[in-house]
Amino acid sequence: MNTRKSLFLTLFVFLLTCSTKLLAHPSWGIVVDDNGCIYFADVMHNGDGTLWRLDPNTEELEAVFEKFHAHQIYINNKNEIFAGIAIWRTGEIEGEGHNYLFKYETNTKTLDTLLFTDDWDEFHGQNFALSNDYKNIYFSMNKQLHIKPLDGKTKPLLDREFDRVSALTTDVEGNLWITDSRHNNGTLFKWNKTEGLVEISNNLMPQNPKNPIFEEKNHQLFYDIAFSHDQRPLITENANRTITKINNDGTPEVVYTSKLF
């Protein structure tokens, strides 16, 4: 699952995200295939969003799919992209929305629907992560974390409530990492079956940012989790527009702050 995780990609994600004031392509999820092509999920283009493909050699930008509102995407060693999507529009889609898990094979350009449900307790496509064997989905809904086997029923992962889960991911060892934008002023957690849930670091979300992308407190969030070359967690937030590395002792170290446009 860690093929998408590098400092360069995280910087690229954050620069794209911070361009919302210019109405450019605000990206949440981003991956790179074996050919160096960049795929990113534009959450605002054409209403419901677009999955873009950027070839850095030719600088060609291609809209792979429209009406594709994905926050997080993953790529495996077969160049297959996994994307979770949650669609809900006032007056058009009632109830709990349409929730999908897609698999897109970049070499053959084919799209498969692995999962669809209109029951968000069964699966919600906004914040999700995949286990390293691609057999289980982790997702957040109603302040709880859930686990769903692709061939089975959903059940709670933990018997606790979070405040505002903003991003999930797994690392090369299979640990699940969780950001909560509200708990203890912004917290990074790690979970595995052996250790359970561990609070790695807190006070990570700026409380009085000077130049946030969004003025509304409710929209000041963590955006993604990645890993440095030495496998330290990197988290992005849109309040002070930073990338922060979490050291082994849990102390945060800001490694990048985006410039204002």
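A salt bridge here is a side-chain nitrogen of Lys or Arg within 4 Å of a carboxyl oxygen of Asp or Glu. With that cut-off, a search of the whole structure turns up four salt bridges. The structure is a predicted model, in which local features need pLDDT of at least 70 and side-chain atom pairs count only at pLDDT 80 or more, while totals for chains, interfaces and linings use all residues. Residues are numbered from 1 along each chain as its sequence is written, and side-chain values use heavy atoms, with hydrogens and water left out.

## Charged pairs

Side chains of opposite charge can pair when their charged atoms come close. Here are three of the pairs, with the separation of their closest N and O atoms.

| Basic residue | Acidic residue | N to O distance |
|---|---|---|
| Arg53 | Glu62 | 3.9 Å |
| Lys103 | Glu80 | 3.7 Å |
| Lys190 | Glu195 | 3.5 Å |

How covered are these side chains? The scale used is relative accessible area: buried means under 20%, exposed means over 50%, and partly exposed lies in between (1.4 Å probe, protein chains only). Arg53 is buried at 18%, and its partner Glu62 is partly exposed at 27%. Lys190 is buried at 16%, whereas Glu195 is partly exposed at 47%.

The remaining pair in the table leads into the strands. Strands (E, at least two residues) are DSSP runs numbered from the N terminus. Lys103 forms its salt bridge with Glu80. Lys103 belongs to strand 7 (residues 98–105) and Glu80 to strand 6 (residues 80–87), so this contact ties together parts that are 23 residues apart in sequence. Glu80 is itself buried, with a relative accessibility of 14%.

## Strands 5, 6 and 7

Two strands count as paired if DSSP finds at least two bridges between them. Strand 6 pairs with strand 7 in the antiparallel sense over eight bridges, and Ala86 has Asn99 of strand 7 as its bridge partner. Strand 6 also pairs with strand 5 (residues 70–75), again antiparallel, over four bridges. In that pairing Ile73 stands opposite Ala83 of strand 6. The hairpin of strand 5 and strand 6 has four residues between the strands, and Asn79 takes a positive phi near 60° there. Strand 6 is mostly covered, with seven of its eight residues buried.

## Strands 13 and 14

Is strand 13 (residues 165–170) enclosed or open? Six of its six residues are buried, so strand 13 is largely enclosed by the rest of the structure. Strand 13 pairs with strand 14 (residues 176–180) in the antiparallel sense over five bridges, with Thr169 standing opposite Trp177. Five residues separate these two strands in their hairpin, and Gly174 in the turn has a positive phi of about 90°.

## A pocket lined by Trp177 and Lys190

Trp177 and Lys190 appear again in the second largest pocket. On a 1 Å grid over the protein atoms alone, a pocket is an open set of points where a 1.4 Å probe fits, with protein on both sides within 12 Å along at least five of seven lines; lining residues have an atom within 4 Å of a point. This pocket holds about 180 Å³ of space. It has 13 lining residues, and those closest to its centre are Asp171, Trp177, Lys190, Gln231 and Arg232. By class, the lining has four nonpolar, five polar and four charged residues. In that count Ala, Val, Leu, Ile, Met, Phe, Trp, Tyr, Cys and Pro are nonpolar, Asp, Glu, Lys and Arg are charged, and the others, Gly among them, are polar.

## Two open sheets

One open sheet has four strands in the order 17-18-19-20, with antiparallel pairing. Strand 17 (222–227) and strand 20 (252–257) are its edges, each with a single partner strand, so one side of each is left without a neighbour in the sheet. Neighbouring strands of this sheet are turned by 25° against each other on average, direction ignored, using axes that are lines fitted to C-alpha atoms. Within the sheet, strand 18 (residues 233–237) and strand 19 (residues 242–246) pair over four bridges, and Glu237 has Thr242 as its bridge partner.

Another open sheet of four strands runs in the order 9-10-11-12, also with antiparallel pairing. Strand 9 (128–130) and strand 12 (155–156) are the edge strands, each pairing on one side only. Strand 11 (residues 144–149) meets strand 12 over two bridges, and Lys155 of strand 12 is the bridge partner of Ile147.

Definitions and conventions:
Grid points are joined across faces, edges and corners, and a volume is the space filled by probe spheres set on the points. Axes are lines fitted to C-alpha atoms, for helices over the stretch in contact, and angles run from 0 to 180 degrees between N-to-C directions.
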